[in-house]
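Got the viewer open? Here's a short walk through one structure, selection by selection.

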Amino acid sequence: MTSQLTVFVTGATGQQGGAVAHALLARGHNVRALTRNPAGDAARALAAAGVDVREGDFNDPSTLTAAATGVDTAFLMSTPFEAGNDAEAAQGKSAVDALKAAGVGHVVFSSVASADKQTGIPHFESKYAVEQHLAASGVNYTISAPVWIMDNLVAAWMLDALRDGNVAIALDKTKPLQQVAVEDIGAFVAVLVEKREAVFGKRYDIAGDELTGEQLTEALSAATGRNFNYFDVPLDMVRQQSEDFAIMFAWFDKVGYSADVAGLRRDFPEVKWHRFADWAKAYDWSVLKSDATKAA
């Protein structure tokens, strides 16, 4: 039995941090979460589940130090989608310093797979800058680096097309893309937290499956009982919304992720490592109904 640990989780009111918090709770650990809005619905739900919710903000690193003081481990994640890549790198680095000042014994940082391979993708590069700062900080650390997340399929920026019967991704339908379920990210981080010394200084690209857009669409149709079409979104359309994402999808086409799926299943059997088809079968597809349909 692993001893009970107290783990500080950033991003806990979001998708990935929330998965980490719930995985840790399920394994009997104490969770302390940082949020800018403790009165919000997501934070209140965490508190109801037994999480110690603390108020803080990445723009004020002293609040991170105060909130993380006395914990065994911290899960750190950052995002470029609020203030941009440069701000993400700066905030991530200052957060590392804040956790070091708090005396945290182990930091698990959520990066992105292949960020250490000079991809030229802006939001990969900003995460790798934080990785490098963490490695140089003297703090014990582990890098969890997910590939494309299966749950992106139902993200706001893909859901409208999905409701219309289209899987819209800027990649040829015959190109394979490695994917991972957000639930598995949470479970994997929980295992890293427990392994501690055995994973200090290590970096893991993590994926549970690899499949083409054509295979994904077939599996989705089978899971939902609804026929979907695959739409290869032109890169120019993506570029109109985000140059960063256009560069990423071009890299997916030419290079792509290279996580060791078989090795992860062998070395981390505690994680379910969902295949996409299994993830799709278990998902609640009521999200495909429009808000108007739901209200009717």
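Before you click anything, keep in mind that this is a predicted model.

**Stop 1: the three-stranded sheet.** Start by selecting β7, β9 and β11, which in that order make up an open sheet of 3 strands with mixed pairing. On the rims sit β7 (148–149) and β11 (209–212), each pairing on one side only. Now zoom in on β7 and β9 (residues 176–180): the two run parallel and are joined by 2 bridges. Which residue of β9 stands opposite W148? Show side chains there and you'll find Q179.

**Stop 2: the seven-stranded sheet.** Next, colour β3, β2, β1, β4, β5, β6 and β10. In that order these 7 strands form an open sheet, and the pairing is parallel. Its edge strands, with a partner on one side only, are β3 (52–55) and β10 (202–206). Look along the sheet for the twist: neighbouring strands are turned by 20° against each other on average, ignoring direction. For a closer look, pick β4 (residues 73–77) and β5 (residues 107–110), a parallel pair held over 4 bridges. Within that pair, L76 stands opposite F109 of β5.

**Stop 3: a histidine in a loop.** Go to H29, in the loop between α1 (15–26) and β2 (30–35). Is H29 buried or exposed? Its relative accessible area is 4%, and the cut-off for buried is under 20%, so H29 counts as buried. Now add L5 to the selection: the H29 side chain reaches the backbone nitrogen of L5 at 3.1 Å.

**Stop 4: two helices side by side.** Hide the rest and keep α4 (residues 85–101) and α5 (residues 122–136). A packed pair of helices is described by the angle between the axes and the distance between them. Here the axes come within 9 Å and cross at roughly 20°. Angles under 35 degrees count as roughly parallel, so α4 is roughly parallel to α5. As for handedness, α4 passes α5 in a right-handed crossing.

**Stop 5: helix α10.** Finally, select residues 243–254, the 12 residues of α10. From first C-alpha to last, α10 reaches 17 Å, close to the 16 Å expected at 1.5 Å a residue. Which residues of α10 are buried? Highlight D244, F245, A246, M248, F249, W251 and F252 to see them. Then step just past the end of α10 to G256, and check the backbone: phi is positive there, at about 85°.

Notes
Residues numbered from 1 in each chain as written. Predicted model: local features only at pLDDT ≥ 70, side-chain atom pairs only at ≥ 80, totals over all residues. Heavy atoms only, no water. Pairing = 2+ DSSP bridges. Expected span 1.5 Å × (residues − 1). Buried < 20%, exposed > 50% of the residue type's maximum accessible area, 1.4 Å probe, protein only. Polar contact = N/O pair within 3.5 Å; in protein donor to acceptor, adjacent residues only side chain to side chain. Axes fitted to C-alpha atoms, helices over the stretch in contact; angles between N-to-C directions. Parallel < 35°, antiparallel > 145°, perpendicular 65-115°, else oblique. Left-handed = near helix turned anticlockwise from the far one by under 90°.
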